[in-house]
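Me: Please take a close look at one helix in this model and follow its surroundings outward. Which side faces in, what does that side pack against, and what else holds the neighbouring parts together?

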Amino acid sequence: MSLLSKLFGKAPARTVEIESSGDRFEVGSGATILERALAEGIAYPHDCTVGTCGSCRSRLISGKVEAITPFGYTLSREELDAGYILACQALPRSDLVLDVEIGGSASEEIIRQPAAFTGASELTHDIKRVALKVDKPIHYKAGQYANIHWGDGAIHRSYSFADAPAPGGTLEPGFFVRHVPGGQFTDRLFGGTLASETLEIDGPHGNFWLREGKGPILCIAGGSGLAPLLSLLQDAANRRVRRDCILLFGGRGARDLYAAEAIAAIRSGWTASFDYWPILSEEQNPQYRHGFVTAYVAQALERLGPGAQGYMCGPPPMIDAGIHAFSEAGIGLPDIHYDKFTDASTGA
């Protein structure tokens, strides 16, 4: 540390190297890894920027960081033990070498534009499909999401696209929205007042998509987390992706199950083996498996065979339990991909 730094208590800039891409940049005192990477024009994966989504998780190969907020609020024990950090909450305390997937989403330009609410249809007792219409086509990758703004535009909520991308871009995006009592957006939707709101949409966002590979796919969804997985699987079926797949969907009871026709259509167009396992955690029903959905990870992976990738969308406890189950079954963290869905606890 220089004499000037000692006098004024300012730490020197630290060098951060991204091993996979070769990118190098300097992070000054008080700046996070993510904000400096973005300022340098590096396509660093991120969504929320406040340490809740986990999109910017990166493996620390060498060096030391200080966490603004504890990484354990978002990352699982397995991720922490493997050396993962959150770039949006990490202040370098030495030069660093990181492992993170840079620029992999291949998203088109993010566009913000007016959106017209064209209707909602009931999927379950607490989930509706919301339909919007826009003037400029949205080019998204299956699995990504958009932000929906209302009122003065300062408030927004994030929802995943529920359909496979259209070849020329999507003009009528659809989303699955679960009712969260007290939620500013969902109370309007389920109360029937959303049609009177002035809406805007921006997107696409997100780093959840089907990675390249030839091995099998195990997908796990809970609640409205089925939306991005349906988008991902519909798109894969359209592209004739030939990989064995099992889709696990967890609900409390039979009334929480939905999208049977969409899943059947995916199965009919799938070019390899495709299984769907609906699982109920509370209701005992002879038609369905019983228990927590993540308890079936090992059984499903045994059925699929080696080399599997895992894809999960749903509430944080399900994601954390899923990471543990995949890890216990021998699936490495780089092959586990997820999108954590938050709710009223974060202002849904």
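Reply:
**Helix α8 and its surroundings**

Start with the outward side. The face of α8 turned away from its buried side carries two exposed residues, P317 and E328. Keep in mind that this is a predicted model.

Now the inward side. M318, I319, G322, I323, A325 and F326 are the buried residues of α8. Those residues share one side of the helix, because they cover an arc of only 165° around the axis.

Next, check the length. α8 has 13 residues, and at 1.5 Å a residue it should span 18 Å. The C-alpha atoms at its two ends are 18 Å apart, so the span agrees. Just beyond the helix comes G330, with a positive phi of about 95°.

What does the buried side of α8 pack against? Two of its partners are helices: α3 (77–81) and α7 (297–304). Three are strands: β14 (217–222), β18 (309–314) and β19 (336–340).

That packing leads to the core. The largest nonpolar core has 45 residues. I33, Y44, L218, L248, M312 and F326 have the most contacts inside it. α8, spanning residues 316–328, gives the largest share of this core, with five residues. In soluble globular proteins, nonpolar side chains tend to be buried together.

I33 shows how its contacts are spread. Leaving out residues up to four places away in sequence, I33 touches V16, F25 and V27 before it in the chain, then Y44, V65, I85, A87, A90, P92, L96 and L98. There is also a second, separate core of 32 residues. Among its members are C219, L232, L247 and L257.

Go back to β14, one of the strands that α8 packs against. The loop between β14 and α5 (226–238) holds G223. Setting aside residues up to four places away in sequence, G223 touches I127, F249, G250 and Y258. S158 is 65 residues from G223 along the chain, and their C-alpha atoms are separated by 15 Å.

Now the rings. The model has eight aromatic pairs. One is Y159 with F185, a tilted pair with 5.3 Å centre to centre and 40° between the planes. Y159 belongs to strand β11 (residues 155–160) and F185 to helix α4 (residues 184–190), so this pair ties together parts 26 residues apart in sequence. Y159 counts as buried because its relative accessibility is 11%, under the 20% cut-off. F185 is buried too, with a relative accessible area of 1%.

Another pair brings back Y258, the residue that G223 touches. F176 and Y258 meet edge-to-face, 5.6 Å centre to centre with 70° between the planes. F176 lies in strand β12 (residues 174–178), while Y258 lies in the loop between β15 (245–251) and α6 (260–269). The pair therefore ties together parts that are 82 residues apart in sequence. Both F176 and Y258 are buried.

Rings also group beyond pairs. Y140, F161 and F175 make up one aromatic cluster.

Finally, charges over rings. R57 has its charged end over the ring of Y84, 4.9 Å from the ring centre. R211 does this with W209: its charged end sits over that ring, 3.6 Å from the centre.

To recap the helix: its buried residues lie on the same side, and P317 and E328 are exposed on the face turned away.

Key
Residues are numbered from 1 along each chain as its sequence is written. This is a predicted model: local features need pLDDT of at least 70, side-chain atom pairs count only at pLDDT 80 or more; totals for chains, interfaces and linings use all residues. Side-chain values use heavy atoms; hydrogens and water are left out. A nonpolar core is a set of buried Ala, Val, Leu, Ile, Met, Phe, Trp, Tyr and Cys residues joined through side-chain atoms within 4.5 Å. Buried means under 20% relative accessible area, exposed over 50%, partly exposed in between (1.4 Å probe, protein chains only). Helices (H or I, at least four residues) and strands (E, at least two) are DSSP runs, numbered from the N terminus. Contact means heavy atoms within 4.5 Å. Rings of Phe, Tyr and Trp (its six-membered ring) pair if their centres lie within 6.5 Å; planes under 30 degrees apart count as stacked, over 60 as edge-to-face and the rest as tilted. A charge sits over a ring if NZ of Lys or CZ of Arg is within 6 Å of the ring centre and within 35 degrees of the ring normal. The expected span of a helix is 1.5 Å times one less than its number of residues. The arc is that of the directions from the helix axis to the C-beta atoms.
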